[in-house]
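Hi everyone, thanks for making time. I'd like to walk you through a structure that is probably new to most of you, so let's just pull it up and go through it piece by piece.

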Amino acid sequence: MTSLRIRRPGRLVAEAVTLLVAAAVAFPLYWMVLSALKPAGEIQSTEPRPWTLSPSLDSFRRVFDQQEFGRYFLNSLIVAGTVVLASALIAFLAATAVTRFRFRFRTTLLVMFLVAQMVPVEALTIPLFFLMRDFGQLNTLGSLILPHLAFSLPFAIWMLRGFVKAVPEALEEQAQIDGASRTRFLWQILFPLVFPGLVATSVFSFISTWNDFLFAKSFLISDTSQSTLPMALLVFFKPDENDWGGIMAGSTVMTLPVLVFFVLVQRRLVSGLGGAVKD
Amino acid sequence: MTTPDTTPGTASTTLPAPRGRTRTAPRAPKPTRTATRRRAGAWTPWLYLLPALAVIGGLLVYPVYQLGLISFLEYTQAQVSGGEPTYFKGFGNYTALFTDPQFWQVLLATVLFAAACVVTTLAVGCALAVLLTRVRALPRLALMVAALGAWATPAVTGSTVWVFLFDPDFGPVNRLLGLGDFSWTYGRYSAFALVLLEVVWCSFPFVMVTVYAGIKAIPSEVLEAAALDGASQWRIWRSVMAPMLRPILVVVTIQSIIWDFKLFTQIYVMTNGGGIAGQNLVLNVYAYQKAFASSQYSLGSAIGVVMLLILLAVTLVYLRLLRRQGEEL
């Protein structure tokens, strides 16, 4: 505080720089939304202007009409939603096991969860492709849900650990004395207390699933009705003539849910990360 | 040695469990966690772990095993369709890979590109985190919101937007810099530079937010004392903040290394599958192209194994650093 008060002009410079950086960081997103709203003529202009006087929803309309974008949006939502819910529940149980119990191989398991986070998802596309083929899951949403669940679990467990640990042991003993069963303690006392952590954790599983591009590209080969958003977006990429209006409108639609999710959990995310790092 | 109700191979083997005690009896001399836990039966944690282990085992561990297996087989389109039998090839795929000059070129490009991304991301993230501590609430909020927006942007849309921003015909950047119709994706280094900018843009917020939270946790007296002693901002960072933030810096560095080494989407989308004549290939994209574009599944798997081993080495370093910090798992 004192040091800041001494260097007043310095602080003004710092604030100016901060605002400039903020503007620069926000610029790509601004340009994306702007281009999505520009009429076709303005996008194809070689003199791009940073504003538009005649915003139109034509690009959005084109995207939703031509490409069944609504359906892809729903598919993406189903996949990400299922993964988030399932991984939150499974990770909660597993995190409870590794923090509230001492058992043999506990440390080994923890190291395994850490190592599992490092496994390059992309490298496993090949064996997963054959696995999905053998189980008849190719071209289904299940082929996206299952691998993403597996890949989001290790990190979710690792991160939830800190939240479960933060709940005092005494609470559990108290609950036992009051006659609560272990299951009841788990779901009616521990679960609500850990819930903020679950939210922070689910951001990561939601994002990695929502953003997935490789699995969708590899496993949904022929049935385009099962396609997800990233794949649909690339339809607008054409070798010679890119439909930039369509691409930007599609990108906006795809970015929006993540942004909303982020804003909603932003507080918990930052404190959650702090917890995970400090832990 | 164990009490009858605990199955062999559980925690009790590590503790001198007193003989003859009933399982509900409280342990008078040393009421450790283990003692209280054992009442519920030693299988409870495993029950809780069961769903997680089943999913991870089936869809992560088993595929890793399969990846290794396929890398030792001859497995191409002919074997997939059943036209030719699969056969064991030993280290054949690896020999083919290691004698291919393109592999070494791609490996080198991957390491250098990941290193450039990590260094730039960390430098930008740390510098902005320090900046955030020196400004009032409003500019801080502006930068935080902008950074969260960049963080939340999906890799695919981030890539498309950045390609559009740098588009030779309709992009604002070339217009602004007066570059005419200079194509960023045509040259090898300019294409890598473009991808690097996008990667830094979407990954610095994680570093910034985490390091900022870390700095906030440093007692302000320490920083004030340094400032009163006349230390410059750089000196405060180097001699006071950085050492105190070491644990956090280790975490964000390792995370960044892992993320940037595994880059796929950005390269694939922005350089259209690895650039002209594969000039912008990184290992991940290279493996994908080998496997799914040219149906050389076994060769693609071998590349995957190489990546896995490199990342495993990084992980081991990470674990050592954690242990040195005395962290209890």
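Okay, let's begin with the two domains of chain A: their centres, taken over C-alpha atoms, are 32 Å apart. Before I go on, please keep in mind that this is a predicted model. The domain assignment puts domain 1 at residues 2–43 and domain 2 at residues 67–278 of chain A. Where they touch, domain 1 of chain A puts in 7 residues and domain 2 of chain A puts in 6.

Which elements give two or more residues to the domain 1 side of that contact? Those are α2 (8–37) and α3 (40–43) of chain A. The largest share comes from α2(A), with 4 residues. If you sort the domain 1 side by residue kind, you get 5 nonpolar, 1 polar and 1 charged.

Next, the inside. The largest nonpolar core has 164 residues. The residues with the most contacts inside this core are Ala91(A), Ala94(A), Leu153(A), Ile157(A) and Leu160(A). And which element gives the most to this core? That's α8(A), with 15 residues. The core also draws at least three residues from each of domain 1 and domain 2 of chain A.

So let's look at helix α8 itself, residues 142–166 of chain A. Of its 25 residues, 22 are buried, so you can call this helix mostly covered. How does its length work out? At 1.5 Å a residue it should span 36 Å, and the C-alpha atoms at its ends are 35 Å apart, which agrees. There is a kink in α8(A), though: about 35° at Leu153(A), shortly before the proline Pro154(A).

Leu153(A) came up a moment ago among the best-connected core residues. What does Leu153(A) touch, leaving aside neighbours within four places in sequence? In chain A, Leu153(A) is in contact with Ser87(A), Ile90(A) and Ala91(A), and over in chain B with Ala52(B), Val55(B) and Ile56(B).

That brings us to the contact between the chains. On the chain B side there are 83 residues, and they meet 82 residues of chain A. Helix α2 of chain B, residues 44–70, gives the most to the chain B side, with 15 residues. By kind, the chain B side divides into 56 nonpolar, 18 polar and 9 charged residues.

Staying with chain B, here's the overview. Chain B has 15 helices and 2 strands, and 40% of its 329 residues are buried. Take the contacts in chain B between residues at least 6 apart in sequence: 64% of them join residues at least 24 apart.

One helix to pick out here is α6 of chain B, residues 137–152. It has 16 residues and reaches 22 Å from first C-alpha to last, close to the 22 Å expected at 1.5 Å a residue. Its buried residues include Pro139(B), Leu143(B), Met144(B) and Trp151(B).

Now a few single residues. Most residues other than glycine have a negative phi. Phe105(A) has a positive one, about 70°. You'll find Phe105(A) in the loop between α5 (69–100) and α6 (106–118) of chain A. Is Phe105(A) buried, exposed or in between? It counts as partly exposed, because 14 other C-beta atoms lie within 10 Å.

Ala277(B) also has a positive phi, near 55°. Ala277(B) lies in the loop between α13 (265–270) and α14 of chain B. This residue counts as exposed, because it has 8 C-beta neighbours inside 10 Å.

The helix after that loop, α14 of chain B, covers residues 283–293 and holds Gln289(B). With 18 other C-beta atoms within 10 Å, Gln289(B) is partly exposed, since the cut-off for buried is 20 or more. Not counting residues up to four places away, Gln289(B) touches Gly273(B), Gly274(B) and Ser294(B).

Last one: Asp100(B), found in the loop between α4 (92–98) and α5 (101–133) of chain B. Asp100(B) has 12 other C-beta atoms within 10 Å, and 12 or fewer means exposed, so that's how it is classed. Asp100(B) and Val282(B) are 182 residues apart in sequence, and their C-alpha atoms are 15 Å apart in space.

That's my tour, thanks for listening!

How values were computed
Residues numbered from 1 in each chain as written. Chains lettered and ligands numbered in written order. Predicted model: local features only at pLDDT ≥ 70, side-chain atom pairs only at ≥ 80, totals over all residues. Expected span 1.5 Å × (residues − 1). Bend = angle between axes of the 7 residues up to and from the residue. Contact = placed C-beta atoms within 7 Å. Nonpolar A, V, L, I, M, F, W, Y, C, P; charged D, E, K, R; others polar. Core = buried A, V, L, I, M, F, W, Y, C linked by C-beta atoms within 7 Å. Domains from an automatic or database assignment.
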